[in-house]
Amino acid sequence: MIQSIKIKNFQSHKHSTLKLSQGVNLIVGKSDSGKTAVLRALNWVVNNKPAGDSYRSRWRGTTQVDVVTGDDKLIQRVKSDKDNYYTDQETDYKAFGQGVPDEIAKLLNISALNIQYQMDSP
C-alpha cells in the first residue's frame, strides 16, 4: 500500500503531495489539472517510464517523486541535469539501466493489477 506521493517538478506539478487512504483512491479534478501526471509520476517510480526528459517540468531543477509505503519506507526517484537515481534512504541505485532495481521493486510491491485507469473495464 502507498501512504503518500510527493511530486516535484514533474509535468504540471511544481510541488504536490497526495495522502492516500487504505483501499481505493480516486483522483478527481477538472480537465488538464494534472490527474494523469500523478499516474505518470507513479509509473516513473514503479516502471522507470517514461524515459528521456519530456516529463520534466518547464521550471527545470530536480525532478523528484517520493513514495511512502504502508510500512513507512520512503522510496525516491530523482532526476536532475547531473543525477538520475533511485534511493530507499539506505542505498542509492544509480546504474539501473532501463528497469527498476530489484530492491526498489520489492519495496513497492506494485503490479498492473494495483492500478486501474478510467477506461479500464471493472
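**View 1. Asp 88 and Tyr 93 share a polar contact between their side chains.** The two side chains come to 3.3 Å of each other in this predicted model. Asp 88 itself is found in the loop between strand 5 and strand 6 (92–93). Its side chain has another polar partner too: one of its polar atoms lies 2.8 Å from the backbone nitrogen of Thr 91. So what about a charged partner for Asp 88, given that this residue is buried? Asp 88 has no salt bridge, and Lys 73, the nearest side chain of opposite charge, is 7.9 Å away. A salt bridge would call for a nitrogen-to-oxygen distance within 4 Å. Setting aside neighbours within four places in sequence, the residues in contact with Asp 88 are Leu 74, Tyr 93, Ile 104 and Leu 107.

**View 2. Phe 10, Trp 44 and Tyr 55 are joined into a cluster by ring pairs.** Searching the whole structure turns up three aromatic pairs. In one of them, Phe 10 meets Trp 44 with the ring centres 5.9 Å apart and 45 degrees between the planes, which makes the pair tilted. Phe 10 sits in strand 1 (residues 2–10) and Trp 44 in helix 1 (residues 35–47), so to speak two distant parts of the chain linked across 34 residues. Phe 10 and Trp 44 are both buried.

**View 3. Phe 10 also stacks with Tyr 55.** Why does this pair count as stacked? The planes of the Phe 10 and Tyr 55 rings are at 20 degrees, with the centres 5.2 Å apart, and planes under 30 degrees apart are called stacked. Here strand 1 supplies Phe 10, while Tyr 55 comes from the loop between helix 1 and strand 3 (63–69), so the pair ties together parts that are 45 residues apart in sequence. Tyr 55 is buried, just as Phe 10 is.

**View 4. Asp 53 and Lys 79 meet in a salt bridge.** This is one of two salt bridges in the count. The N to O distance between the side chains is 2.9 Å. Asp 53 belongs to the loop between helix 1 and strand 3, and Lys 79 to strand 4 (residues 74–79), so distant parts of the chain, 26 residues apart, are linked. How exposed is each partner? Asp 53 has a relative accessible area of 37% and is partly exposed, whereas Lys 79 comes in at 14% and counts as buried.

**View 5. Asp 81 forms a salt bridge with Arg 56.** Their closest N and O atoms are 3.3 Å apart. This pair also links distant parts of the chain: Asp 81 is in the loop between strand 4 and strand 5 (84–87), and Arg 56 is in the loop between helix 1 and strand 3, 25 residues apart. Asp 81 is exposed, with a relative accessible area of 67%. Arg 56, on the other hand, is buried at 7%.

**View 6. Arg 77 has its charged end over the ring of Tyr 86.** The charged end of Arg 77 is 4.8 Å from the centre of that ring.

**View 7. Lys 94 lies over the face of Tyr 85.** How far is Lys 94 from the ring centre of Tyr 85? The distance is 5.7 Å.

Note on methods: Residues numbered from 1 in each chain as written. Predicted model: local features only at pLDDT ≥ 70, side-chain atom pairs only at ≥ 80, totals over all residues. Heavy atoms only, no water. Phe/Tyr/Trp six-rings, centres within 6.5 Å; stacked < 30°, edge-to-face > 60°. Helix = DSSP H or I, 4+ residues; strand = E, 2+ residues; numbered from the N terminus. Buried < 20%, exposed > 50% of the residue type's maximum accessible area, 1.4 Å probe, protein only. Lys NZ or Arg CZ within 6 Å of the ring centre and 35° of its normal. Lys, Arg positive; Asp, Glu negative; His and termini not counted. Polar contact = N/O pair within 3.5 Å; in protein donor to acceptor, adjacent residues only side chain to side chain. Contact = heavy atoms within 4.5 Å.
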